Amino acid sequence: MCGIVGYTGPREAFPVILKGLKRLEYRGYDSAGVALLNQDHLNVYKKKGKVADLEEAIIGKDLQANIGIGHTRWATHGEPSDRNAHPHTSANGSLAMIHNGIIENYAQIKSELLNKGYSFKSDTDTEVLINFIEYIQSNNDCSLEEALRIALKRVTGAYCILLIEKDNPDTIIAARKGSPLVIGIGKGRDEHFLASDASPIIEYTKEVVYVNDYELAIVKPGELILKNLGNEKVTPYVTKLDMELAAIEKGGYDHFMLKEIFEQPSTIYDCLRGRLDAAAGTITMSGVEQNIEQLKNANRIMIVACGTSWHAGLVAEYIFEELCRIPVEVEYASEFRYRNPIVNKGDVIIAISQSGETADTLVALEKAKENGAFIFGIVNVVGSSISRISHAGAYTHAGPEIGVASTKAFTGQLAVIMMMALKIAIEKGSITPEYYKKLLLELQDVPEKVDAILKNAEELQVIADKYKDASDFLFLGRGYNFPVALEGALKLKEISYIHAEGYPAAEMKHGPIALVTSQLPVVFVATKDSYHEKIVSNMQEIKARRGKIISIITDGDTVSPTLSDDWFSIPMADELIAPILSVIPLQLLSYYTGIAKGIDVDKPRNLAKSVTVE
Ligand code: F6R
């Protein structure tokens with residue numbers, strides 16, 4: 001949610017910032033802007049729309065500078081517009097700032113500043129904060145760093161901010177709480193790159209420092225100082241990025257979403273690699289091994305997540321209860337954090353997150369951790385905030401996911417969940433060695449089966465073209481495929497803007513069946529499992545009411561096609577593993593529907609990839 005980039009060093013800052021903004025655009029695309037400082041000359045350019053609109057708007061402008069900051073916005077306070085775009089400048093024109101997050105008490109600070117004679121050009125909380133900093137600086141006659149520290153002690157909310165000042169034309173001051181910030185250290189240590197994630201940095205350096213909450217960074221070409229809000233120095237912890245440039249490029253595909261769907265055979269393989277050894281009958285997961293007593297003796301597992309990751313959590317509920325015989329509750333992080341949940345000693349909290357930065361999930365975990373809960377993180381982005389606050393965890397190793405709709409991260413999450421549950425179950429003795437071995441072998445075969453599904457992708461393009469003008473869709477599934485139905489509906493609505501609802505197939509009779517007409521496409525996730533006969537009966541019920549049936553079925557099923565208007569067949573798998581396969585056709589159905597409707601599937605309206613505000 002909002003992408004920020006900064007550069008200070010010997011290079012021209014603008015090209016570095018522009019390229020960085022393009023890489024971070026998935027975080028928000030309501031407006032984009034840059035502030036460039038050339039000696040005491042501060043040039044600010046900003047534009048409603050995408051980074052490409054900014055690029056066009058600044059042709060012929062003075063872009064000369066060795067220091068600058070840039071922002072791509074997902075609007076929170078104030079509509080998307082030129083005047084609400086970042087960077088914002090202070091009233092005296094000496095400071096420029098970009099911000100990712102929300103200043104919750106901005107209205108109160110704004111009214112104080114209005115009383116002191118300030119006026120505002122935008123509707124943003126960011127402009128309030130920068131003027132508050134300016135006010136503190138001029139009234140206390142202190143440095144910008146000191147003024148920032150004082151201001152941050154007053155503000156509530158979340159922020160990652162970058163600030164530049166005319167009087168210090170080689171320095172960027174940064175601060176974070178709740179929103180991510182990574183600083184790349186240039187090869188000769190004479191330049192620094194600041195960004196919301198590593199993607200704008202990767203081609204310049206692999207040495208990075210992840211800034212922690214309540215830390216300030218004072219960044220000059222040859223110097224990086226970290227301090228806490230008490231003005232004490234903190235030693236920067238330099239880590240090496242484990243990411244290649246190719247991973248964040250489209251690699252010949254039209255869209256990141258399609259590339260990421262097609263990457264799944266290899267991302268799932270990467271997730272299993274080094275962990276699953278089906279021949280030896282072993283799963284190696286150090287985060288699970290080191291905490292096996294806690295995990296296998298858990299009284300209860302609480303899963304906390306949002307969106308697609310929450311759907312992975314629902315699949316996990318079925319799997320953990322079946323294999324480990326541990327009760328599981330799956331919580332929306334945004335609800336969990338605001339009620340007064342009962343977390344007892346002996347409970348384990350599993351956080352699932354692609355980005356590792358989702359504000360609701362992060363804060364929910366912080367609260368649970370304060371109450372003594374044990375946190376296990378299933379996260380994709382290495383070094384992200386959730387991975388760092390978890391006691392233990394397992395990365396999904398899906399690589400950078402840039403398309404706004406989550407695809408390969410979801411299947412990676414399911415693969416981790418399956419390995420984790422199997423490992424706990426065999427240690428606990430809650431499954432037989434024979435069933436354990438069978439599931440290991442099945443899991444090992446998943447990448448190949450995903451590959452087989454992707455070979456038939458055009459069949460889904462045909463189905464998408466046929467139903468693209470429908471105004472509503474219903475997605476139905478039972479058991480392990482119920483969360484997959486929810487995920488199919490979420491994917492379709494975010495990528496094609498068609499209203500879609502997911503339901504447990506049997507629950508359909510308790511209300512949604514009223515929607516069924518000959519105009520309503522109903523997608524059944526109806527692979528061969530212990531519920532199959534039941535879901536076939538549900539198909540009959542829809543057919544009797546002339547609904548259009550699209551079914552996702554298992555190879556060899558001869559009954560479902562007789563009831564379906566269209567169907568797509570996937571390889572046979574154990575029902576616990578089927579969701580990793582059955583979701584793939586639904587990802588493709590959404591992608592092709594979005595494309596058929598001319599939608600920018602990588603950047604669907606109103607969305608952002610990493611939801612770092614609550
Ligand atoms: C949907 C989607 C979102 C995310 C949700 C949580 O395609 O991507 O629903 O799943 O915002 O994000 P993470 O997993 O990063 O915590």
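1. Arg325 sits in the loop between helix H10 (307-324) and strand E19 (328-332). This is a predicted model, and in it Arg325 has a positive phi of about 55 degrees although it is not a glycine. Is Arg325 buried or exposed? Its relative accessibility is 58%, so Arg325 counts as exposed, the cut-off for exposed being over 50%.

2. Arg546 can be read in a similar way. Its place is in the loop between H19 and E26. Phi of Arg546 is near 65 degrees, a positive value in a residue other than glycine. Arg546 counts as exposed because its relative accessibility is 63%.

3. The loop that holds Arg546 joins H19 to E26, so to speak of its surroundings, take strand E25 next. Strand E25 (residues 521-525) is mostly covered, with five of its five residues buried. Pro521, Val523 and Val525 point one way from E25, while Val522 and Phe524 point the other way. In a regular strand the side chains alternate between the two faces of the sheet.

4. Which strands pair with E25? Strand E23 (residues 472-477) is joined to E25 by four bridges, and the two run parallel. In this pair, Phe475 stands opposite Val523 of E25. Strand E26 (residues 548-554) is joined to E25 by five bridges, again running parallel. Here Val522 stands opposite Ile549 of E26. From E25 the chain crosses through helix H19 (residues 532-544) to E26, and this β-α-β crossover is right-handed.

5. Another part of the chain holds an open sheet of seven strands, in the order E5-E6-E7-E8-E12-E13-E14, with antiparallel pairing. E5 and strand E14 (233-234) stand at the edges with a single partner strand each, so one side of each is left without a neighbour in the sheet. At the E14 edge, two bridges join strand E13 (residues 223-228) to E14, and these strands run antiparallel. Lys227 stands opposite Lys233 in E14. Helix H5 packs on the sheet, where it touches E6, E7, strand E8 (172-177), strand E12 (215-220) and E13. The direction of H5 makes about 165 degrees with that of E7.

6. Ahead of E5 there is a cis peptide bond, from His86 to Pro87, with omega near 0 degrees. Pro87 lies in the loop between strand E4 (67-73) and E5.

7. Does the length of helix H4 (residues 125-140) fit its residue count, and what span should its 16 residues have? At 1.5 Å a residue they should span 22 Å, and the end C-alpha atoms are 22 Å apart, which agrees. Just after H4, Asp141 takes a positive phi of about 50 degrees.

8. H4 is mostly covered, since 12 of its 16 residues are buried. Among the buried residues are Val128, Leu129, Ile130, Phe132, Ile133 and Ile136, and also Asp125, Glu127 and Glu134. What covers the buried residues of H4? The cover includes strand E5 (88-89), strand E6 (95-103), helix H3 (106-115), helix H5 (144-154) and strand E7 (157-165).

9. As for the whole chain, it is divided into domain 1 (3-247), domain 2 (251-444) and domain 3 (455-602). The centres of domain 1 and domain 3, taken over C-alpha atoms, are separated by 44 Å.

Conventions
Residues numbered from 1 in each chain as written. Predicted model: local features only at pLDDT ≥ 70, side-chain atom pairs only at ≥ 80, totals over all residues. Heavy atoms only, no water. Expected span 1.5 Å × (residues − 1). Buried < 20%, exposed > 50% of the residue type's maximum accessible area, 1.4 Å probe, protein only. Contact = heavy atoms within 4.5 Å. Pairing = 2+ DSSP bridges. Axes fitted to C-alpha atoms, helices over the stretch in contact; angles between N-to-C directions. Right-handed = clockwise from strand over helix to strand, strands pointing away. Domains from an automatic or database assignment.
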